[in-house]
Each structure stands twice: as structure tokens, then as C-alpha cells.
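Hi,

Here is the structure I promised to pass on. Have a look at it first, and my notes follow below.

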Amino acid sequence: MAFSGKWELESQEGYDAFCKLVGIPDDIIQKGRDYKTVTEVVQNGNDFTWTQHYPSNAKVTNNFTIGKECDMQTIGGKNFKATVNMEGGKLTVSFPNYHQVNEVSGDKLIETSTAGTVVLKRISKKI
């Protein structure tokens, strides 16, 4: 249950380039650049509820079970079907135009999203 808890964004690398690549509007990129996104994770065995809170009270919640196809939503609001897998303690999922790996290292949640050669790395601390 390493992922369970609330996590507040501490730092991020590649934010602007990644957001532009996946189609986030410039005004939303600007608002989110310095926003301390809070991620809430409830893990019950292989079942997860993963909620990210964004600027302007926007939030995205994805419910999934490891290894089973589910309906998900991107940060850009697009709906799609995906399967989240657990590989070596890391959650992996392929979104429509990027691949994401989430892991817990100590008291940090590390989210790495890769679209081609553009990488967004977000590090959050447990709160």
C-alpha cells in the first residue's frame, strides 16, 4: 500500500514542453506552472483511486485495478481505455500520446511521463 496517501508536488522538470506536446492550452499551462498539485491515492490491494487536484478546483479521478482494462481520463480531459500494470513496484500505463511510470521512493512519489523525447518528471512529498 506504498502509494496510499496525499502527495504534494515539490518539483517538476519538463512541464512546459510536455504540456504543449499533449495539447494543454497556454493559459492552463501558465496557471499550473507553479501550482502545488495534490495527488490523493487510495490503494486497496490491486484496486486504486487516483485523484489529482489542479488549479481552479479542477480534478481528475481515475479508478483502476492492476492488470484490468478500465476507463481513464487524461489531464487534458480526454477519455480512453487503458490497463495499469505493476512492474517491480512501479505503476505503468500508456495514455493515448504518452507513457507514465509512477513509483514511491522513500517519502516521495515520482511520476515520469514520456512522449517521444519529451519527459515530464514530477516529484511529490507525502503530506
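Let me start with one residue: His53 sits in strand S3. Bear in mind throughout that this is a predicted model. Is His53 buried, exposed or in between? Its relative accessibility comes out at 23%, and since buried means under 20% and exposed over 50%, His53 counts as partly exposed. Leaving out residues up to four places away in sequence, His53 touches Tyr35, Thr37, Val38, Glu40, Ala58 and Lys59. Of these, Thr37 is 16 residues away from His53 along the chain, with 5.7 Å between their C-alpha atoms.

Strand S3 also takes us to the inside of the protein. The largest nonpolar core has 26 residues, and Phe48, Trp50, Phe64, Met72 and Leu91 have the most contacts inside it. At least two core residues come from each of helix H1 (15-21) and strands S3 (47-53), S5 (69-73), S6 (79-83), S8 (90-94), S10 (108-115) and S11 (118-126). Which element gives the most to this core? That is H1, with 3 residues.

Leu91 is a handy place to zoom in. Neighbours within four places in sequence aside, Leu91 is in contact with Phe3, Phe48, Trp50, Phe64, Ile66, Val84, Asn85, Met86, Gln100, Val101 and Asn102.

For another spot to look at, try Lys31, which lies in helix H2 (residues 26-32). Lys31 counts as partly exposed because its relative accessibility is 46%. From Lys31 to Thr74 is 43 residues in sequence and 17 Å in space, C-alpha to C-alpha.

Now the whole chain. The protein has 2 helices and 11 strands, and from the N terminus on the order is β-α-α-β-β-β-β-β-β-β-β-β-β. A compact globule of 127 residues would have a radius of gyration near 14 Å, and the protein has 14 Å, so the two agree. Along the principal axes, the C-alpha atoms fill a box of roughly 40 × 30 × 30 Å. Of the 127 residues, 38% count as buried. If you take contacts between residues at least 6 apart in sequence, 39% of them join residues at least 24 apart.

Last, the surface and the charges. The protein exposes about 6,900 Å², with carbon and sulfur atoms supplying 48% of that. There are 15 positive and 15 negative side chains, and the centres of the two sets lie 2 Å apart.

Cheers

Methods
Residues are numbered from 1 along each chain as its sequence is written. This is a predicted model: local features need pLDDT of at least 70, side-chain atom pairs count only at pLDDT 80 or more; totals for chains, interfaces and linings use all residues. Side-chain values use heavy atoms; hydrogens and water are left out. A nonpolar core is a set of buried Ala, Val, Leu, Ile, Met, Phe, Trp, Tyr and Cys residues joined through side-chain atoms within 4.5 Å. Buried means under 20% relative accessible area, exposed over 50%, partly exposed in between (1.4 Å probe, protein chains only). Helices (H or I, at least four residues) and strands (E, at least two) are DSSP runs, numbered from the N terminus. Contact means heavy atoms within 4.5 Å. The radius of gyration is taken over C-alpha atoms; the globule rule is 2.2 Å times the number of residues to the power 0.38. Accessible areas come from the Shrake-Rupley method with a 1.4 Å probe; for residues, only the protein chains shown count as cover. Lys and Arg count as positive and Asp and Glu as negative; His and the chain ends are not counted. The place of a charge is taken as NZ of Lys, CZ of Arg, CG of Asp or CD of Glu.
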